[in-house]
Structures are given as C-alpha cells and as structure tokens.
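Here are some short exercises to work through with the structure open beside you. Try each task before you read its solution.

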Amino acid sequence: MTAFQSWREVPEGFWHWANFRPEEFACKADESLIVEPEFMDRLQALRHRVGLPFIVTSGYRTPAYNARVSPTTGLTGPHTTGRAVDIRIAGPAVYDILKAAMMFGFTGIGVKQHGSHKGRFLHLDDLGGDKRPRVWSYL
C-alpha cells in the first residue's frame, strides 16, 4: 500500500496503469489517495481483457467520506482500503465485465443496473472473506 496526501503527489514513474489516472482514484472529499499495486494490476488486466473503457466513478475514500456516502459500510468499507472501484457501465457490457472479473480474482462484485444510465455501475473489489457476498445487487 502506498498513501499520498493528494493524487498530485504521485511520482511520474510510480503510476504504470495505462488506462487509468491517479485523479480518478483519489478521494472526492480531499484528493487523498491510497494505491494497492496488486489491485491496480488486477484491474488493468481486466480492462485489457474486456477491451472496454472503464469510467471510474469512485476509487479510494477516506473513512469519514465513506461513512458519509455509504452508511451501510461506514468507516471501514471496501473503498477505504484502496482495493475497490466503482465503474460506470450499463447494458450488455456489464455481463462481460462481471464474468471476466470473477476469472480475474475479484471477490466483491456489486451490480446497480436500475435507474438513470448515469447512475448505473459495477463495484469491484478483491477483499475476499468468507462472510461477504461475492456478487450482490444494489436496490
């Protein structure tokens, strides 16, 4: 894990994930960023495999910000670890990404495909754990 006070502090040679930018993964509340290279490698491999753009709507979140935007996961949700991302996606591509995500070792997959297209997304994380659901739907 590597932490930065701001995504702007990420050294040029550190970020090597071609289809993503540090600012996409920074906390929306204060621009801080935690990067887990293993997670980012997995996400980049998935992106390369499916060949579709991933529009990141949420990456790292500070515990306080996560508690504000996700009361169900509070101060310790997946996004607070640097090992979770939400990707804006809708339609048939969701199935392709979901299927590939399981093959690439993502262990938490949340699907929200109702409501406005701008609000539809796929949550991916690789936290694991026996008590977590592997795939869930947001209602």
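## Exercises with worked solutions

Among contacts between residues at least 6 apart in sequence, 63% join residues at least 24 apart. Keep in mind that this is a predicted model.

**Exercise 1. Find how many helices and strands the chain has, and in what order the elements run.**

Start with the count: there are four helices and seven strands. Next, walk from the N terminus and write down each element, which gives β-α-β-α-β-α-β-α-β-β-β. Now turn to the overall dimensions. The radius of gyration is 14 Å, close to the 14 Å of the globule rule for 139 residues, so the chain is as compact as a globular protein of that length. Along its principal axes, the C-alpha trace spans about 35 × 35 × 30 Å.

**Exercise 2. Describe what the chain buries and what it exposes.**

First take the interior: buried residues make up 47% of the 139 residues. Then take the surface, where the chain exposes about 7500 Å². Carbon and sulfur atoms supply 56% of that area. Finally, look at the charges: there are 17 positive and 14 negative ones, and their mean positions are 9 Å apart.

**Exercise 3. Place Thr62 in the chain and decide whether Thr62 is buried or exposed.**

Begin with the location: Thr62 sits in the loop between β3 (55-58) and α3 (63-69). Now apply the cut-off, by which a residue is buried under 20% relative accessible area. Thr62 has 15%, so Thr62 is buried. For its surroundings, set aside the neighbours within four places in sequence; Thr62 is then in contact with Cys27, Asp30, Ser32 and Thr80.

**Exercise 4. Work out what Glu23 and Arg21 form, and how accessible each residue is.**

The side chains of Glu23 and Arg21 meet in a salt bridge, at 3.0 Å from N to O. For accessibility, remember that partly exposed covers the range between the buried limit of 20% and the exposed limit of 50%. Glu23, at 31%, is therefore partly exposed. Arg21, at 45%, is partly exposed as well.

**Exercise 5. Find which parts of the chain the salt bridge between Glu36 and Arg83 links.**

Check the pair itself: the N to O distance is 3.4 Å. Then locate its two ends. Glu36 is in the loop between β2 (33-35) and α2 (37-50), while Arg83 is in the loop between α3 and β4 (84-88). The pair links distant parts of the chain, 47 residues apart. Both ends fall below the burial cut-off: Glu36 is buried at 14% relative accessible area, and Arg83 is buried at 15%.

**Exercise 6. Explain why the pair of Asp126 and Arg42 ties together parts that are 84 residues apart in sequence.**

Asp126 forms a salt bridge with Arg42, and their closest N and O atoms are 2.5 Å apart. Asp126 lies in the loop between β6 (121-125) and β7 (135-137), whereas Arg42 belongs to helix α2, so the bridge ties together parts 84 residues apart. Asp126 counts as buried at 10% relative accessibility, but Arg42, at 21%, counts as partly exposed.

**Exercise 7. Name the residues that are linked in a network of salt bridges.**

Collect the pairs from the last two exercises: Glu36 with Arg83, and Asp126 with Arg42. Then add Glu38, and you have the network of Glu36, Glu38, Arg42, Arg83 and Asp126. As a last check, the count of salt bridges comes to eight.

Terms used: Residues are numbered from 1 along each chain as its sequence is written. This is a predicted model: local features need pLDDT of at least 70, side-chain atom pairs count only at pLDDT 80 or more; totals for chains, interfaces and linings use all residues. Side-chain values use heavy atoms; hydrogens and water are left out. Helices (H or I, at least four residues) and strands (E, at least two) are DSSP runs, numbered from the N terminus. The radius of gyration is taken over C-alpha atoms; the globule rule is 2.2 Å times the number of residues to the power 0.38. Buried means under 20% relative accessible area, exposed over 50%, partly exposed in between (1.4 Å probe, protein chains only). Contact means heavy atoms within 4.5 Å. Accessible areas come from the Shrake-Rupley method with a 1.4 Å probe; for residues, only the protein chains shown count as cover. Lys and Arg count as positive and Asp and Glu as negative; His and the chain ends are not counted. The place of a charge is taken as NZ of Lys, CZ of Arg, CG of Asp or CD of Glu. A salt bridge is a side-chain nitrogen of Lys or Arg within 4 Å of a carboxyl oxygen of Asp or Glu.
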